[in-house]
Amino acid sequence: MLVLRSKAARARRLTVAGILLAAFCPLLTLPSSAATTPARGSAYMGMGVVAHDGRGPLPTGVLAAQTEGVDVSAYQGNVAWSTLWTSGVRWAYTKATEGTYYTNPYFAQQYNGSYNIGMIRGAYHFATPDTTSGATQANYFVDHGGGWSRDGKTLPGTLDIEWNPYGAECYGKTRSAMVGWIAGFLSTYRARTGRDAVIYTATSWWTDCTGDYGGFAANNPLWIARYTSTPGTLPAGWGYHTMWQYTSSGPTVGDHDKFNGALDRVQALANG
């Protein structure tokens, strides 16, 4: 009889535990799912690089003249520009916009702060090809900080086109549709500013989502993303890179970049 009571008690305990587990399972799984998708507007340059391409050793030598730069977004908040200047950083890009629904609340401090300390600065747009057309987003970018002026200290705007942090890698577009979207952004930006935009991307994303299209290389400078000791293989058409984002774990500001040339080449790009 003692054994029978023990089994019954155990069965009751297991039944109660099962009910409680079933009740709590949805609560346990929901935060995990929510945590994998960031809030719209929170994307930044290089957000998907480590997850998709990994991270290697930092570059250890300089084969040619290169000029240190940084890229920033709201993620960094108010930036210590004087510290970066003292460390040798001479150019900077600030996220201005994303899609047609977001502007960087720290844009003024970051964009004007870099300029005021003496850096050559520019603005970038995080593309979301699944929300509106390339032309629409280019206009939004220009209207919210992405313009250009020939003052010798303002770089042309950059189109940040990379992995979709909010869903499908290629934003649900075919390769030809993606090329068309990018072309619409670039042509509209040129019409609005008189300058060809810089393209920021990673070779693996470009290959997957555009079919390694090479038609933009003649006019649009390449900013390559690769977190290791060399820029590696470039996307089709480009024989060299203009800028290289080589780490997301640098000093003061994590995202550090190298301009493929001395400071006078940075100034030449600013002047057009």
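## Getting to know the fold

Setting aside neighbours within four places in sequence, His241 is in contact (heavy atoms within 4.5 Å) with Leu222, Ile224, Pro231, Leu234 and Asn260. Everything below concerns a predicted model, in which local features need pLDDT of at least 70 and side-chain atom pairs count only at pLDDT 80 or more, while totals for chains, interfaces and linings use all residues. Residues are numbered from 1 along each chain as its sequence is written, and side-chain values use heavy atoms, with hydrogens and water left out.

### Exercise 1: Place His241

Find where His241 lies and decide whether His241 is buried or exposed.

Step 1. Look in the loop between S7 and strand S8 (243-247) and you'll find His241. Helices (H or I, at least four residues) and strands (E, at least two) are DSSP runs, numbered from the N terminus.

Step 2. His241 has 11% relative accessibility, so it counts as buried. The cut-offs are under 20% relative accessible area for buried and over 50% for exposed, with partly exposed in between (1.4 Å probe, protein chains only).

### Exercise 2: Get the overview

Work out how many helices and strands the protein has, and what share of the residues is buried.

Step 1. Counting gives 8 helices and 9 strands.

Step 2. Of the 272 residues, 46% are buried.

Step 3. Now for the contacts: take those between residues at least 6 apart in sequence, and 69% of them join residues at least 24 apart.

### Exercise 3: Follow strand S1

Say which strands pair with S1, and which way its residues point.

Step 1. S1 and S9 pair in the antiparallel sense over 4 bridges; two strands pair if DSSP finds at least two bridges between them. Here Gly69 stands opposite Asp257 in S9.

Step 2. With S2, S1 pairs in the parallel sense, again over 4 bridges. Asp71 has Tyr93 of S2 opposite.

Step 3. Thr67, Gly69 and Asp71 point one way, while Glu68, Val70 and Val72 point the other way. S1 is mostly covered, with 6 of its 6 residues buried.

### Exercise 4: Walk from S5 to S7

Trace the chain from S5 to S6 and on to S7, and give the handedness of each crossover.

Step 1. Strand S5 (residues 158-160) and S6 pair in the parallel sense over 3 bridges. Asp160 has Tyr200 in S6 as its bridge partner.

Step 2. To get from S5 to S6, the chain goes through helix H6 (residues 175-193), and this β-α-β crossover is right-handed. That label applies if, with the strands pointing away from the viewer, the path from the first strand over the helix to the second runs clockwise.

Step 3. S6 also pairs with strand S7 (residues 222-225), in the parallel sense over 3 bridges; Ile199 has Leu222 as its partner in S7. S6, helix H7 (residues 203-210) and S7 make a right-handed β-α-β unit.

Step 4. Check the side chains of S6 (residues 198-201): Val198 and Tyr200 point one way, Ile199 and Thr201 the other, and all are buried.

### Exercise 5: Sort the ring pairs

Count the aromatic pairs, then classify the pairs Tyr44 with Tyr75 and Trp91 with Phe259.

Step 1. Rings of Phe, Tyr and Trp (its six-membered ring) pair if their centres lie within 6.5 Å; planes under 30 degrees apart count as stacked, over 60 as edge-to-face and the rest as tilted. That rule gives 15 aromatic pairs.

Step 2. Tyr44 and Tyr75 have ring centres 5.4 Å apart and planes at 25°, so this pair is stacked. Tyr44 is partly exposed at 22%, whereas Tyr75, at 65%, is exposed.

Step 3. For Trp91 and Phe259 the centres are 6.1 Å apart and the planes are at 80°, so the pair is edge-to-face. Trp91 lies in strand S2 (residues 91-98) and Phe259 in strand S9 (residues 256-259), so the pair ties together parts 168 residues apart in sequence. Both residues, Trp91 and Phe259, are buried.

Step 4. Zoom out a bit: ring pairs link Trp91, Tyr93, Tyr200, Trp223 and Phe259 into a cluster.

### Exercise 6: Check the disulfide

Find the cysteines that form a disulfide and give its handedness.

Step 1. A disulfide is a pair of cysteine sulfur atoms within 2.5 Å, and the count comes to 1. Cys170 and Cys209 form the bond, with their sulfur atoms 1.9 Å apart.

Step 2. The torsion about the S-S bond of Cys170 and Cys209 is about -75°, so the disulfide is left-handed.

Step 3. Cys170 sits in the loop between S5 and H6 and Cys209 in helix H7, 39 residues apart, linking distant parts of the chain. Both Cys170 and Cys209 are buried.
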